[in-house]
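Dear colleague,

Please find the structure below, with its sequence. My findings follow it.

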Amino acid sequence: MPVPGPFNGITVIDLTRVLAGPFSTMILSDLGARVIKVETPGKGDDAREYGPFVNGKSTYFVSVNRGKESIALNLKDDADREAFEKLLSIADVVVENFRPGTMEKLGYGWEDLHVKYPKLIYAACSGFGHTGPHSKRPAYDMVVQAMGGIMSITGQPGGEPTRVGMSIGDIGAGLYTTIGMTTALYDRERTGEGRKIDIGMLDCQIAFCENAIARYGATGEIPGPLGGRHPSITPFQVFTTQDGHMIIAAGNDVMFHRFCDIIGRPDLKADPRYESNRTRNENQAALEPEIEAVLKTRTTADWLSELDPAGIPASGINDVAQVMAHPQVEPRRMVIEVDDPKVGKMKVAGNPVKLSGYEDPLERPTAPDVDQDRARILAELGLAPQAAE
């Protein structure tokens with residue numbers, strides 16, 4: 001019989017929508033928490049309108065809301081407020097990603113809830129956090145990618161500003177929100193008290209720029225985009241091969257020397273310009289064409305057949321189809337399925353948190369329709385059935 005996840009018994013009331021918040025609560029759901037998604041009556045989460053669609057249902061929505069329950073509540077309606085407050089009374093965590101001040105206007109801000117439910121953990125994920133001059137401003141992923149500096153160091157030198165190819169602003173905030181919630185749950189075990197978690201998407205982008213910030217702090221030089229290479233390690237970049245491109249990441253002197261032998265250029269080891277990572281980095285522009293001239297003589301697969309056994313970190317540049325078919329992915333259960341009554345069987349990304357003693361199912365429950373679980377949840381709360389307004 002499957003062992004329930006480690007968060008079995010934890011109830012999360014999820015007021016979030018679109019990506020950052022739902023991604024965060026999906027992680028808790030994957031790890032065993034019960035997540036009750038509170039949605040706007042009628043339309044529900046905005047992400048239900050984001051494609052691609054299969055048989056009228058958003059697969060975008062399914063991909064980050066699997067395993068949750070749904071109830072539609074109008075928090076300005078007295079009957080729905082009663083239901084919401086009963087939910088809060090049985091909850092361990094409430095999560096929201098409204099603009100700061102919205103929950104306070106409804107009477108459900110941190111100060112109000114902490115008095116009524118002292119053990120309840122309150123997690124807020126917003127564009128800029130609950131303090132500072134920009135706290136009330138709206139934000140989307142691309143806004144914080146631009147504002148937080150990541151777009152300034154992404155792309156090719158001299159090229160147009162480039163968005164990171166996935167929603168790193170939302171996903172980063174979702175991850176930090178999950179870290180905050182798990183930390184607060186641990187803290188509550190010791191103190192018996194709930195905490196407020198205040199996550200700003202911009203803050204998370206700045207945290208992700210750790211190396212760029214450290215370099216600017218140390219040198220006063222503003223980092224820019226470097227294309228496919230690392231700013232501090234050489235050779236650690238994209239190279240052209242006979243049939244495409246590949247990554248070589250020779251991160252220390254031993255790996256560099258071994259790499260030089262494999263490509264038939266042992267003379268590079270003896271060159272004083274390349275004797276250490278520091279000097280290699282200083283002379284990267286001279287070293288790159290020396291390496292690439294050799295790599296262009298053979299295919300990526302040919303080079304990998306020698307580099308992999310030698311322990312040199314290297315890879316081709318996989319597209320998404322190649323990633324999903326990669327031999328490392330299936331045994332790690334990183335592509336799983338949900339079986340949805342409208343969509344059918346759908347492949348989604350798995351949960352990277354692997355814990356001994358707990359199941360890591362290859363199939364997860366799908367995402368609910370709007371208000372799908374209303375009758376059952378109201379009955380559980382001892383409330384009479386009622387239609388969402």
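A residue counts as buried when its relative accessible area is under 20%, and as exposed when that value is over 50%; anything in between is partly exposed. By this definition C125 is buried, because its relative accessible area is 3%. The same cut-off makes C209 a buried residue, because its value is 6%. Please note that the model is a predicted one.

The cysteines

A disulfide requires two cysteine sulfur atoms within 2.5 Å, and by this rule the count is 0. For C125, the nearest cysteine sulfur belongs to C204 and is 6.8 Å away, so that C125 is in no disulfide under the 2.5 Å limit. C209 is likewise in no disulfide; its nearest cysteine sulfur is also that of C204, at 12 Å.

The chain as a whole

The chain has 389 residues, of which 44% count as buried. Its secondary structure consists of 16 helices and 14 strands. Along the principal axes, the C-alpha atoms fill a box of roughly 80 × 45 × 40 Å. Among contacts with a separation of 6 or more, 68% are made by residues 24 or more positions apart. The exposed area of the chain is about 19300 Å², and carbon and sulfur atoms supply 55% of it. As for charge, there are 41 positive and 53 negative charges, and the mean positions of the two sets are 2 Å apart.

Two serines

S167 is situated in the loop between α6 (141–147) and α7 (168–191). Its side chain makes a polar contact of 3.1 Å with the side chain of R163. Leaving aside residues up to four places away in sequence, S167 touches L19, D141 and Q145.

S305, by contrast, belongs to a helix, namely α14 (residues 300–307). The side chain of S305 reaches the backbone oxygen of D302 at 2.5 Å. With a relative accessibility of 47%, S305 counts as partly exposed, because the exposed class begins over 50%.

Backbone geometry

Most peptide bonds are trans, and most residues other than glycine have a negative phi. Where does the chain have cis peptide bonds? One is the bond from G51 to P52, with omega near 5 degrees; P52 is found in the loop between β2 (34–39) and β3 (53–54). Another is the bond from T234 to P235, where omega is near -5 degrees. P235 lies in the loop between α9 (210–219) and β9 (236–240).

Positive phi values occur at N55 and R333, neither of which is a glycine. For N55, phi is about 50 degrees, and the residue is found in the loop between β3 and β4 (57–58). N55 counts as exposed because its relative accessibility is 63%. For R333, phi is near 55 degrees, and its place is the loop between α15 (320–324) and β12 (335–340). R333 counts as partly exposed, because its relative accessibility is 33%.

With kind regards

Conventions
Residues numbered from 1 in each chain as written. Predicted model: local features only at pLDDT ≥ 70, side-chain atom pairs only at ≥ 80, totals over all residues. Heavy atoms only, no water. Helix = DSSP H or I, 4+ residues; strand = E, 2+ residues; numbered from the N terminus. Buried < 20%, exposed > 50% of the residue type's maximum accessible area, 1.4 Å probe, protein only. Contact = heavy atoms within 4.5 Å. Areas by Shrake-Rupley, 256 points an atom, 1.4 Å probe, with all protein chains shown as cover. Lys, Arg positive; Asp, Glu negative; His and termini not counted. Charge placed at Lys NZ, Arg CZ, Asp CG, Glu CD. Polar contact = N/O pair within 3.5 Å; in protein donor to acceptor, adjacent residues only side chain to side chain.
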